[in-house]
Each structure stands twice: as structure tokens, then as C-alpha cells.
Amino acid sequence: MGNNFEPAELDYVTYLMVTSGLVEDVGNAFTSLTGYTKSDFCNKQISEVMHLLFGFYFDLENCEASSRFLFKKSYEAIEVQITVWQMERDDCKLYLFQKVPNFILDSELSFVNKLVKDNDKGVGLYSCPDFRLLRANQKYFEYMQEACNSKGNLVSLCLDEIVPDYCGSKTERLWLNSCGNGDAVCLKEQRTITENGEVRYWNESITPISEIGKVKYMIAIHEDVTENTRKRMYLEERNAELKKSIEMKDEMLMLISHEMKTPLSIITSSIQTVELTCKNELSDKVQKYLNKIKQNSYRQLKLVNNILDNTRVNAGLFKMNRTSVDIILLTKTIIESISVFAERKNIKISFSSMISKAIIQADVDIYERILLNLLSNAVKFTPEGKSIEVNIYRMVLKGNPQICIQVKDYGIGIPNDQKEYIFERFGRANQLVARHSEGTGIGLYLVKMLVSLLEGEIKVESKEGIGSTFTLMFPFVKTNSVEPTGIDQPNERLITASAIEFSDIYYGA
């Protein structure tokens with residue numbers, strides 16, 4: 001049965017009258033709502049008009065009744081409900097439009113409107129699930145123009161009409177997933193190119209907005225981060241150049257150190273040969289000079305060894321040989337090997353352990369290097385007549401058993417403002433360095449790296465004028481080995497290693 005509206009009634013109805021598929025008449029209320037005039041639509045196909053109003057054509061008679069987003073002539077989006085009335089004439093239909101209240105789109109106070117208007121970021125509001133652009137600010141159009149080479153007004157277009165190669169792309173999957181699970185998505189430093197060829201970078205966030213438990217809108221926000229990104233890229237580039245420069249310097253140092261080590265080894269070997277073969281023929285004066293040559297040769301060897309080990313560790317070339325070691329016996333033996341150097345300064349070294357035996361997995365040579373360095377520093381900075389204490393004990397740290405080796409001196413100590421620097425490369429407490437205790441500042445840096453290789457930690461506590469305490473902590477991992485590797489008394493290799501480590505300490509001779 002057909003329906004008729006009186007002319008007076010049509011004045012208050014938002015409608016399009018369609019006859020045989022052509023728009024015959026447009027109500028005044030419709031022109032007020034949409035901003036279009038009668039001449040814009042009259043005598044045009046309804047499919048063309050619907051596409052203009054909604055961004056696409058849909059057959060109302062074969063679609064489920066629901067609200068849809070209509071775009072005014074000004075490109076402002078509003079939500080409307082559409083109903084089709086069959087008039088008495090079979091070929092005449094009345095399309096009725098009723099505006100649906102929508103706080104997101106209508107209210108000037110809604111957070112979406114404030115985001116779009118009061119923001120220096122690009123903001124775009126899309127409908128779901130078709131991802132049709134409902135509203136955006138100029139900054140957003142600017143981004144889309146650069147990112148997608150899109151011209152003109154994009155409002156009412158879907159993403160597949162804006163983004164090239166959208167179907168099957170990463171962009172499509174990202175939007176579909178976000179719409180489906182309701183999770184926000186953040187993308188960092190999206191790259192675009194302006195018409196002038198300038199590269200710009202943007203951070204992008206996509207946030208779903210739900211109504212009645214279903215995602216209805218998606219907000220895309222783009223922030224121009226070009227300046228910060230360029231700064232970061234510049235710093236990364238400079239850092240890469242610096243890293244490469246350091247690697248080249250380390251390679252050069254390693255090469256030079258290798259070249260220096262060979263003649264130094266020959267010099268020290270020659271001195272030992274002279275002392276062995278001509279021992280009874282050397283005068284005290286000649287022996288004194290030989291001792292000075294030997295000490296300074298050892299001093300150079302210490303520097304060369306530190307540089308080589310430093311570069312090997314940094315390059316990941318330092319080889320380890322883990323064996324079962326009685327850490328108590330090894331520590332005691334190392335202390336005995338350096339007692340002669342402590343006695344020259346009238347310094348007493350005491351050793352105590354709360355446990356009699358502790359067999360762990362460790363590298364003997366690495367542990368010797370670590371402990372000799374700490375002991376030489378303790379002797380170097382401890383005044384004559386004072387003492388050094390070495391203690392070993394067990395403790396539990398975060399539920400894990402640890403073996404702790406503590407080297408405590410009563411020397412000049414380290415100022416509070418310099419403790420954090422002593423483990424840095426070439427770092428040292430400069431004002432405390434005197435002629436009798438010179439150093440390069442790479443010893444403790446190397447020690448820290450070697451301790452890390454053994455999966456341990458090193459800590460320092462110090463008070464200026466009172467002394468310093470260095471504590472080594474290694475995981476106490478029991479081993480089934482019955483015969484641990486180690487030495488129960490100083491051998492020639494350990495004695496030579498001790499002499500090299502203590503070579504930069506002058507005793508006034």
C-alpha cells in the first residue's frame with residue numbers, strides 16, 4: 001500500500017523524492033541539513049547522489065536498517081537513519097533522513113573535536129569497520145599527502161581509497177587487528193617525503209573507540225618528530241664513526257703492543273741470562289742498574305699486557321680455560337708471591353678464610369691477574385707501616401651462594417666523587433697519583449671486565465684518609481672434580497707475573 005504526505009507535512013521532513021531512479025524533488029529540511037541545494041541533486045541518479053552523500057552507493061532495500069555517516073557539502077560528517085517509503089505511484093519513492101544524536105561528531109566539547117581542532121598533531125577520525133575518514137585536521141591531511149601522495153580532500157574516503165596497495169598490506173592487517181581486538185597501536189618514526197623532496201618522520205598511534213562493547217571509531221594521531229629523529233640519527237651516525245675509530249685505535253694499539261712485547265721479552269730474558277751466568281761477576285753498582293732496567297722493562301710489559309688484554313676482551317677474543325680450582329689455596333699462594341713487595345714498604349699482609357676449602361670452576365690465569373692488580377693497588381696506596389687484609393667468606397646473594405674475596409687496605413682512600421670513575425677506561429683519582437704510584441688508569445677497568453668474564457661482580461667501599469675495600473663475588477658452583485688445578489706455593493711463572501704487576505711501584509731505591 002502506498003503512502004502519501006501532504007505538502008504541508010513535507011516542509012518539515014528531511015527527504016529526497018525519487019522517481020524512476022532520478023531525484024525529482026529535495027525537501028527544504030534536507031538542504032538545511034546537508035548544505036546542498038535542490039539543483040545539486042535534482043534530475044540526478046539516486047546512486048550518484050547516495051555516493052556523494054555517503055562516499056559509496058548502497059541499495060537500501062537490500063541492506064540491514066542501520067545508521068550511517070552522511071557527509072555534508074562542507075565535508076562535515078553526521079550520523080543519520082535512512083528510511084525508504086513507497087509512494088502511491090509505483091515508480092516514486094521517498095528517502096527519509098533522520099539525524100541521529102552523536103556526541104562524538106556533534107558536540108564541540110567532545111574530546112575528538114578538541115583533538116582535531118586544538119592540536120598541533122595530525123588527527124583523523126575513522127568509522128569502523130569500513131575505515132572511512134569522518135573528520136581530520138590540516139596536519140593530518142599534510143601527513144597523508146606525503147605518506148600516500150593523496151591530493152584534495154580525503155574526508156568520506158576509505159583507507160583502501162587513500163593508501164596505495166592497501167589490500168593485503170601491513171597497514172590493512174594492522175588496522176583490522178586493532179579494530180578486532182580493541183588494542184591501540186603505536187608506530188615509531190614513519191618516514192614521508194614532501195613535494196620538495198624533504199624527508200620527515202612521524203610517530204603514529206591508532207586508538208579504537210568503542211560504543212556498547214563494539215569498536216565504532218578509530219582515531220589516528222600523527223606527531224612530527226623529524227627534528228628529534230634527525231638528532232638521534234646524527235648521534236647514532238657519529239657514535240658509529242666513533243666506535244669504528246675506537247676499533248681502529250684498538251687494532252693499532254694491539255699491533256703496536258705486539259711489536260713492543262717482543263723486544264721487551266728479549267730484554268728481560270737477556271737480563272735474567274746475565275744474572276744467571278754472571279751472577280758472581282756483577283758489582284753492586286751494575287746489579288743496581290740491572291734491577292732498574294728489569295723493573296722498567298716489567299713496567300712496560302705490564303702496560304703492554306694490559307693493552308693487549310683490554311683490546312682482546314673488547315673484541316671478544318679473550319680465551320678462557322675454566323678448570324676446577326681451590327680458590328682458598330690459590331689466593332693464599334698469590335699472597336705469598338707478593339709478600340716480598342709488601343715487605344719493602346714495611347706493610348703487613350694478613351690472610352684469613354672462614355672456610356678451609358672451596359673448589360669452584362674458574363680460570364687460574366684470569367683470577368691471578370685480578371687479584372694481583374688489587375693487591376698491587378693496595379700496596380701502592382698504603383703508607384709504610386700499615387697493613388692489608390685479605391678475607392674469604394661465603395654469603396648468599398639473592399638466593400645464590402657466593403664466594404667473596406675481600407682486599408682491605410688502610411691507605412689514602414678514594415674521594416666519594418671519584419669512586420664511580422675508577423672502573424672506567426683510563427679513569428683514576430688523579431689528585432692522589434704521585435710519582436711513586438703512577439699508572440695508566442686501565443688496570444681496574446680491565447679487572448672489572450675480567451671479573452665479568454668469570455660471571456662475578458666487583459664492588460668498592462672507601463673513605464678518604466681511612467682506606468679502601470674491594471670485594472670480589474663469584475658464583476659458588478660446586479664441582480665433582482677431586483683433583484683441583486692450582487699451586488700450593490709460588491712458582492717461577494707466578495713470581496714473574498707478580499714482579500711485572502708490582503713494577504710501577506717505586507720504593508725509593
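Buried means under 20% relative accessible area, exposed means over 50%, and partly exposed is anything in between (1.4 Å probe, protein chains only). Helices (H or I, at least four residues) and strands (E, at least two) are DSSP runs, numbered from the N terminus.

This is a predicted model, so local features need pLDDT of at least 70 and side-chain atom pairs count only at pLDDT 80 or more, while totals for chains, interfaces and linings use all residues. Residues are numbered from 1 along each chain as its sequence is written, and side-chain values use heavy atoms, with hydrogens and water left out.

**Exercise 1. Work out how covered helix H14 is, and by what.**

Step 1. Find helix H14 at residues 443-453.

Step 2. Count its buried residues: eight of the eleven are buried, so H14 rates as mostly covered under the cut-off above.

Step 3. Put names to them: Gly443, Leu444, Tyr445, Leu446, Val447, Met449, Leu450 and Val451.

Step 4. Look at what sits over those residues. The cover includes helix H11 (284-314), H13, strand S16 (457-463) and strand S17 (467-475).

Step 5. Step just past the end of H14, and you meet Glu455 with a positive phi of about 60°.

**Exercise 2. Describe how H13 packs against H14.**

Step 1. Start with the geometry: the two helices pack at an angle of about 145°, with axes 10 Å apart. Axes here are lines fitted to C-alpha atoms, for helices over the stretch in contact, and angles run from 0 to 180 degrees between N-to-C directions.

Step 2. Get the handedness. H13 passes H14 in a left-handed crossing, meaning the near helix is turned anticlockwise from the far one by less than a right angle (clockwise would be right-handed).

Step 3. List who touches whom, taking contact as heavy atoms within 4.5 Å. H13 brings Ile366, Arg369, Ile370, Asn373, Leu374 and Asn377, and H14 answers with Gly443, Leu444, Leu446, Val447, Leu450 and Val451.

Step 4. Sort them by class: eight nonpolar, three polar and one charged. For this sorting, Ala, Val, Leu, Ile, Met, Phe, Trp, Tyr, Cys and Pro are nonpolar, Asp, Glu, Lys and Arg are charged, and the others, Gly among them, are polar.

**Exercise 3. Find the residues that touch the most other members of the largest nonpolar core.**

Step 1. Fix the term: a nonpolar core is a set of buried Ala, Val, Leu, Ile, Met, Phe, Trp, Tyr and Cys residues joined through side-chain atoms within 4.5 Å.

Step 2. Pick out the best-connected members. The largest core has 59 residues, and Ile370, Leu375, Ile405 and Phe470 touch the most other members.

Step 3. Ask which helix gives the most to this core. That's H13 (residues 364-380), with ten residues.

Step 4. Zoom in on Phe470. Beyond residues up to four places away in sequence, its contacts include Leu374, Ile405, Val407, Ile414, Leu444 and Ile458.

Step 5. Don't miss the other core, which lies apart from the largest one and has 39 residues, among them Ala77, Val112, Phe131 and Leu133.

As background, nonpolar side chains tend to be buried together in soluble globular proteins.

**Exercise 4. Sort three salt bridges by where their partners sit in the chain.**

Step 1. Set the rule: a salt bridge is a side-chain nitrogen of Lys or Arg within 4 Å of a carboxyl oxygen of Asp or Glu. The structure holds 27 of them.

Step 2. Take Glu24 and Arg89, at 3.6 Å from N to O. This pair links distant parts of the chain, 65 residues apart: Glu24 is in strand S2 (residues 22-26), and Arg89 is in the loop between strands S4 (77-86) and S5 (92-99). Glu24 is partly exposed at 41%, and Arg89 is partly exposed at 44%.

Step 3. Next come Lys73 and Asp40, at 3.2 Å. They also link distant parts of the chain, 33 residues apart, with Lys73 in the loop between strand S3 (67-71) and S4, and Asp40 in helix H3 (residues 38-41). Lys73 is partly exposed at 42%, whereas Asp40 is buried at 19%.

Step 4. Finish with Arg232 and Glu236, whose closest N and O atoms are 2.7 Å apart. Both sit in helix H10 (residues 226-277), and because they are four residues apart there, about one helical turn separates them.
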